[in-house]
Amino acid sequence: MVQGIELYEQRTPRSRAAWERAAALIPGGVGSAIQFTPPYPLSIADSKGSRVWDLDGNEYIDYSLCYAAMVAGHANPVIVEAIRRQAEHGTLFGMPTTLAADLAEEIIRRYDGVIEMIRFTQSGVEATQTAIRLARAATGRKTIVKIEGQYHGGTDHLLVSIGGAPPEAAGPDDRPRPTADSAGLLPASTEYTAVVSFNDLDQMRRAFDEHDGDVAGVIIEPAMTNGGVIPPAPGYLEGVRELCTRAGAVLIMDEVKLGCRVAPGGATELWGVRGDLVTLAKAIGGGVPVGAFGGRRDLMEQISPSGPTIHFGTYNANPLGMAAGLACLTKVMTDDAYKEMTRLTTRLTDGMREVLSERGMPAHVVQVTTLGGIFFGLEEQPRNFREAARCDQERWRDYWFGMLNRGVIPMGSAWFEEFSMSAQHSDDDVDRTLEAFEATIREIGG
Ligand SMILES: Cc1ncc(COP(=O)(O)O)c(C=O)c1O
């Protein structure tokens, strides 16, 4: 029986042809390296609700949702209408509209008492980059502490220890070393970045001791979603908060993926630990490129033109993104929508665990409200990136193709990504997904 990659190639000749054409024009044939999965990625022709269709007309239930960004589902009619209406009145002015303040109000309401002021960007990376600049400006210090294996976007000083460096470069488990993960970085990128493992307060404490008086801030994704999904251990975020407060360092909660997704007030609401700054993107744009950073008023007032820390951007707070984001957060992502998405995710993860246990396949499935992850070959929840990377990555690859061939995009396109639910997924989607899951697990050796 033909299966795996071979079947994928038989089913998707038009995606292959599209990718070959693109690869001659665009490095790797993709807009971002993560979009490339060997042998070639699917080329998407259409989408609606929980579904996408590739160029060959194959239909997929989508749990990648553009790396969890599409909380409202694809082509959500409420958001399509908001975009259409705004497009008829103009998409870019380089002058304010009232929409930015409307969206700001909604986010500030959700992050009650934590985000007091907010600035919009075009993407997550601009939000994290500017938050770090602001932390350094506000404290007059240089060092940023980050977590090994966490990804905060492709800017120079954050392309450090994002995971996957060879062990001789990455250092021992209890003392990770900062690694430069891209060519073209200045030595300053690693020199002023201290790297620690997730869920390890001792390492965090040591980083503060070793950089005594020079820690400008800590940037942290409160639950890891780029090293598989790894929730914070009880007390961990509280401990990080306390260390920052004691040292006068700025705590930057990177909620680009989690913000307004895992709860109306994101990870801040879910785990109750307050950052000084919060970075957002994905969910807040309703599928249109929008990012943001916000937080304490005294910090945010240091942003230009109120203060000396520069933040620029032609497309910042553009009306199209603001209209889409506003429709998404105020009309689609109601409290009930979060509840329903969480219920469906629980059904899905319970069902996956049941199949794995029936088939005797070792794997760990984790859920954080509306998203989740799977680690093949691990029986327990990993606590940090290194433990997660010990999962069976080969089996993950078989799983990926097995699910694609059965009409399901099971998660983002790598073992370290998550699956997520949208406001347009249904019980029927979950039923079909669990059928595909059972058949795939059977096929790949369970
Ligand atoms: C936690 C986190 N921070 C920052 C980013 C960068 O966001 P963007 O891709 O919008 O630049 C991402 C992207 O996936 C992310 O997951």
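The following exercises, each with a worked solution, examine the domains, sheets, salt bridges and backbone features of a predicted model.

Local features require pLDDT of at least 70 and side-chain atom pairs count only at pLDDT 80 or more, while totals for chains, interfaces and linings use all residues. Residues are numbered from 1 along each chain as its sequence is written, and side-chain values use heavy atoms, with hydrogens and water left out.

**Exercise 1. The two domains**

State into which domains the protein is divided, and describe the contact between them.

Solution.
- Step 1. Domain 1 comprises 4–71 + 334–443, and domain 2 comprises 77–332; these bounds come from an automatic or database domain assignment.
- Step 2. A distance of 25 Å separates the C-alpha centres of domain 1 and domain 2.
- Step 3. The contact (heavy atoms within 4.5 Å) involves 37 residues of domain 1 and 38 residues of domain 2.

**Exercise 2. The buried area**

Determine how much area is buried between domain 1 and domain 2, and which residues of domain 1 lose the most.

Solution.
- Step 1. The size of an interface is often given as the accessible area lost when the parts come together. Buried area here is the accessible area (1.4 Å probe) that two parts lose on being put together, summed over both.
- Step 2. Between domain 1 and domain 2 about 2,700 Å² is buried, and carbon and sulfur atoms give 58% of this area.
- Step 3. On the side of domain 1, the most area is lost to domain 2 by Y338, F385 and R386, which together account for 28% of what that side buries.

**Exercise 3. Polar and charged links across the interface**

Count the salt bridges and polar contacts between the domains, and identify the elements of domain 1 that take part in the interface.

Solution.
- Step 1. A salt bridge is a side-chain nitrogen of Lys or Arg within 4 Å of a carboxyl oxygen of Asp or Glu. By this rule, five salt bridges cross the interface of domain 1 and domain 2.
- Step 2. A polar contact is a pair of N or O atoms within 3.5 Å; within protein, one must be able to donate a hydrogen and the other to accept it, and residues adjacent in sequence count only if both atoms are side-chain atoms. Between the two domains, 20 residue pairs are in polar contact, both residues being at pLDDT 80 or more.
- Step 3. Helices (H or I, at least four residues) and strands (E, at least two) are DSSP runs, numbered from the N terminus. The elements giving two or more residues to the side of domain 1 that touches domain 2 include helix 14 (335–359) and strand 11 (363–368).

**Exercise 4. Two open sheets**

Give the strand order of the three-stranded sheet and of the four-stranded sheet, and locate their edges.

Solution.
- Step 1. Two strands pair if DSSP finds at least two bridges between them. The three-stranded open sheet has the order 11-12-14 with antiparallel pairing.
- Step 2. Strand 11 and strand 14 (419–420) each have a single partner strand, so one side of each lacks a neighbour in the sheet.
- Step 3. Strand 12 and strand 14 run antiparallel and are joined by two bridges; G372 stands opposite F419 in strand 14.
- Step 4. The four-stranded open sheet has the order 1-2-3-13 and mixed pairing. Its edge strands are strand 1 (44–48) and strand 13 (408–409), each pairing on one side only.
- Step 5. Four bridges pair strand 1 with strand 2 (residues 51–54) in the antiparallel sense. K48 has R51, in strand 2, as its bridge partner.

**Exercise 5. A salt bridge within a helix**

Find where E20 and R16 lie, and state how their side chains meet.

Solution.
- Step 1. Both E20 and R16 belong to helix 2 (residues 13–23), four residues apart, about one turn of the helix.
- Step 2. Their side chains meet in a salt bridge of 3.5 Å, N to O.
- Step 3. The structure holds 31 salt bridges.

**Exercise 6. Backbone features**

Locate the cis peptide bond between P38 and P39, and give phi of A68.

Solution.
- Step 1. The peptide bond from P38 to P39 is cis, with omega near 5°, and P39 lies in the loop between helix 2 and strand 1.
- Step 2. A68 is found in helix 3; phi of A68 is near 75°, a positive value in a residue other than glycine.
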